[in-house]
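Hi,

Here's the structure I said I'd pass along. Have a look at it first, and then read on for what turned up when I went through it.

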Amino acid sequence: MLHDRQGRVVDADSLAILTREVSMRFPLVKENTIRYPRDQVCAWCKGTGVSEPNAMAVLSGGALLLNSRGESVLKKSNRLDGYLSLTWHGAHDGDAGSDFGIYEAIPVALNVQGGQFDLYFCSTICLRSFLNHAVDSLESKVLRAKQNNKNKRRKQTMKSKST
Ligand SMILES: [Zn+2]
């Protein structure tokens with residue numbers, strides 16, 4: 001019996017998708033690129049046929065501009081600049097809080113013209129795998145930043161002892 005990272009039972013095909021090693025370059029959508037992928041394939045497994053009339057999972061983000069009466073205007077607006085990011089914000093207080101001085105982010109969408117974007121997936125398994133990957137990427141950046149801070153402190157300590 002096979003299990004995913006959360007311990008749920010999955011079939012072999014799903015497990016292969018969940019544990020697939022990928023390299024994604026964030027942000028996935030930016031400027032005038034408002035959908036990912038551009039081709040009609042799954043953002044995670046690259047399976048084809050991810051478009052209407054087929055079923056799909058979509059991670060949509062953005063905002064709607066309001067008109068002067070406070071009603072949503074459904075079309076995109078050049079006055080909107082879309083973004084979506086996952087962020088780790090370290091504590092402010094270097095003595096009491098953890099991760100002082102660390103601020104790391106994974107920009108999934110950045111400066112999207114018109115403010116609205118879509119990421120397409122063939123299944124919720126692939127959507128979940130993508131979200132796990134994004135969080136894993138954030139954790140990796142935070143761990144690197146922590147290690148860099150440790151190395152800096154070690155160098156500063158050695159420098160202050162030698163003077
Ligand atoms: Zn997929």
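**Helix 2 and what it packs on**

Helix 2 lies across strand 8 and strand 9, and its direction makes an angle of about 130 degrees with strand 9. Before you go further: this is a predicted model, so please read everything below in that light. The helix has 39 residues and spans 57 Å from first C-alpha to last, close to the 57 Å expected at 1.5 Å a residue. Its buried residues include I125, C126 and L127, and S129 and F130 in helix 2 are buried too.

**The overall layout**

Zooming out, the protein has 2 helices and 10 strands. Reading from the N terminus, the order is β-β-α-β-β-β-β-β-β-β-β-α. There are 163 residues, and 18% of them count as buried. If you take the contacts with a separation of 6 or more, 64% are between residues 24 or more positions apart.

**Sheet 3-9-8**

Strands 3, 9 and 8 make up an open sheet in the order 3-9-8, with mixed pairing. Strand 3 and strand 8 are the edge strands, each pairing on one side only. On average, neighbouring strands here are turned by 30 degrees against each other, ignoring direction.

The two pairings go like this:

- Strand 3 (residues 29-31) runs parallel to strand 9, and 3 bridges join them. E31 has V112 as its bridge partner in strand 9.
- Strand 8 (residues 81-89) runs antiparallel to strand 9, joined by 8 bridges. G82 also has V112 of strand 9 as its bridge partner, while T87 is partnered with A105.

So which residue of strand 9 is the bridge partner of both E31 and G82? That's V112, which pairs with E31 and with G82.

**Sheet 4-10-5**

Another open sheet has 3 strands in the order 4-10-5, again with mixed pairing. Strand 4 (35-36) and strand 5 (57-62) sit at its edges with a single partner strand each, so one side of each has no neighbour in the sheet. Strand 5 and strand 10 are antiparallel, with 6 bridges between them, and G62 stands opposite Q116 of strand 10.

**The core**

The largest nonpolar core has 21 residues, and C42, A43, W44, A109, F121 and C126 have the most contacts inside it. Strand 9 (103-113), strand 10 (116-121) and helix 2 (124-162) each supply at least two residues of this core. As general background, nonpolar side chains tend to be buried together in soluble globular proteins.

A109 is a handy place to centre your viewer. What does A109 contact, leaving aside neighbours within four places in sequence? The list is P27, L28, V29, K30, G61, G82, Y83, L84 and F117.

**One loop residue**

A63 is in the loop between strand 5 and strand 6 (65-66). Is A63 buried or exposed? Neither label quite fits: A63 counts as partly exposed, because there are 15 C-beta neighbours inside 10 Å, and a buried residue would need 20 or more, an exposed one 12 or fewer. Not counting residues up to four places away in sequence, A63 touches L80 and G115. The C-alpha atoms of A63 and K76 are separated by 8.5 Å, with the two residues 13 apart along the chain.

Cheers

Definitions and conventions
Residues numbered from 1 in each chain as written. Predicted model: local features only at pLDDT ≥ 70, side-chain atom pairs only at ≥ 80, totals over all residues. Core = buried A, V, L, I, M, F, W, Y, C linked by C-beta atoms within 7 Å. Helix = DSSP H or I, 4+ residues; strand = E, 2+ residues; numbered from the N terminus. Contact = placed C-beta atoms within 7 Å. Pairing = 2+ DSSP bridges. Axes fitted to C-alpha atoms, helices over the stretch in contact; angles between N-to-C directions. Expected span 1.5 Å × (residues − 1).
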